[in-house]
Amino acid sequence: ALESGASPRQTPCGRAAAGTVGWLAASYFAAVEFTGLPTVSQSTRRGIIEACLREPIKPNSADKLGLCPLPLLSVAHIRMLRDRRADRPGAANNRLKYIGSMLSWAVEHNLIRANPARDVKPLRYETSGFHPWTREEVTQFEARHQIGTKARLALALMLYLGVRRGDLVTLGRQHVRDGVIRFVPLKTRRKKMLAIEIPIVAELAAIIEASPTGDLTFLTTEWGKPFTANGFGGWFRDRCDEAGLPHCSAHGLRKAGATIAAERGATDRQLMAMFGWESSRQATTYTASADRKRLAAEAARLIAGDRKANIDCPTELPHRIKAKG
């Protein structure tokens, strides 16, 4: 492809004529509303939209959606894209979400009259997301990966700092000053340069000092280079498998940290400060769950106390009182 002078990665967007869905997508990808998104978000959103553009416009058709004229794009097309991933409801809803965002942008810029995705509802399904590690699972991982290994360092950084893997792979000693690590989360960097500052507790400091680290990042690949976020996720997945925890993941440690902190009394504001959440909604998920657990325990103790009181109470009244009765 390189020798022929052709682009090694041609997409429906690059081949589409003006006024088609593919042309609209190319215009959207060049717009500031799209380029202003975090790099990871751009990659995810673009990948999903381009996959939709490559699909047949209807069953058994040779025509692709990217070549469909915009005036012909209908609710039925959007519903079709959603339903083609009905076996994976989360993926189906992501299609609807990102295509809908692109079409909303098009309406705002007078490229189409209406957004057909607005009339297609997301699929309803139940999910708890990534599995949150239990304390027993953390102990099991630690037993397999001792202090001084890269795997143990990765676990400690995620557990004690509560960072996303995209931020984890960028952190190094240059981010630490006076025992506090300071960084701006990648997810919010383009919207708000609000730094997170987290003290490095003694347990984490000891693990860092006992572990091999890179020059600019704590964690490096076997070639001494910083990890990419996806590369780290795959590498850590293998370390979980080695510890007999195939159902655990890097993101699940973030949930575990929030759960443990909430159960030990952390407030919404404290969780927001540590995990970089801009609203209390996410924090309340953990604190409300912890509150329910504490309240249930207190209720159980009250029930047990009441039963004990009944047991301790004499079953026959004293003779003098019985006589008065």
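Two strands count as paired here if DSSP finds at least two bridges between them. Keep that in mind for the first stop of this tour, and remember that the model on your screen is predicted.

**Stop 1: the sheet**

Select strand S1 (176–177) together with strand S2 (residues 180–183): they pair in the antiparallel sense over two bridges. Show side chains and you can pick out valine 176, which stands opposite isoleucine 181 in S2. Now add S3, and you have an open sheet of three strands, ordered S1-S2-S3 with antiparallel pairing. S1 and strand S3 (196–199) are the edge strands; each has a single partner strand, so one side of each lacks a neighbour in the sheet. Strands of a sheet pair through backbone hydrogen bonds, so turn those on while you are here.

**Stop 2: helix H11**

Next, select residues 229–242, which make up helix H11. How far apart are its end C-alpha atoms? They lie 20 Å apart, which agrees with the 20 Å expected for 14 residues at 1.5 Å a residue. Along H11, colour Phe232, Gly233, Trp235, Phe236, Arg239 and Cys240, which are buried. To see what covers these buried residues, bring in helix H7 (135–144), helix H8 (150–161), helix H9 (165–168) and helix H12 (250–263), which are among the covering parts. Before moving on, step just past the end of H11 to glycine 244, where phi is positive at about 75°.

**Stop 3: the largest nonpolar core**

In soluble globular proteins, nonpolar side chains tend to be buried together. The largest nonpolar core in this model has 37 residues, and Trp133, Phe141, Leu157, Phe232 and Phe236 touch the most other members. Two or more residues of this core come from each of H7, H8, S2, S3, helix H10 (202–209), H11 and H12. Which element gives the most to this core? H8 does, with nine residues.

Centre the view on leucine 157. Leaving aside residues up to four places away in sequence, leucine 157 touches Gly162, Val163, Leu168, Leu204, Ile208, Phe218 and Leu219.

There is also a second, separate core: its 28 residues include Leu24, Leu73, Leu81 and Ile99.

**Stop 4: two cysteines**

Finish by selecting cysteine 52 and cysteine 68. Are they buried or exposed? Cysteine 52 is buried, with a relative accessible area of 0%. Cysteine 68, at 2% relative accessibility, counts as buried too, because the cut-off is under 20%. If you search for disulfides with sulfur atoms within 2.5 Å, the count comes to zero.

Note on methods. Residues are numbered from 1 along each chain as its sequence is written. This is a predicted model: local features need pLDDT of at least 70, side-chain atom pairs count only at pLDDT 80 or more; totals for chains, interfaces and linings use all residues. Side-chain values use heavy atoms; hydrogens and water are left out. Helices (H or I, at least four residues) and strands (E, at least two) are DSSP runs, numbered from the N terminus. The expected span of a helix is 1.5 Å times one less than its number of residues. Buried means under 20% relative accessible area, exposed over 50%, partly exposed in between (1.4 Å probe, protein chains only). Contact means heavy atoms within 4.5 Å. A nonpolar core is a set of buried Ala, Val, Leu, Ile, Met, Phe, Trp, Tyr and Cys residues joined through side-chain atoms within 4.5 Å.
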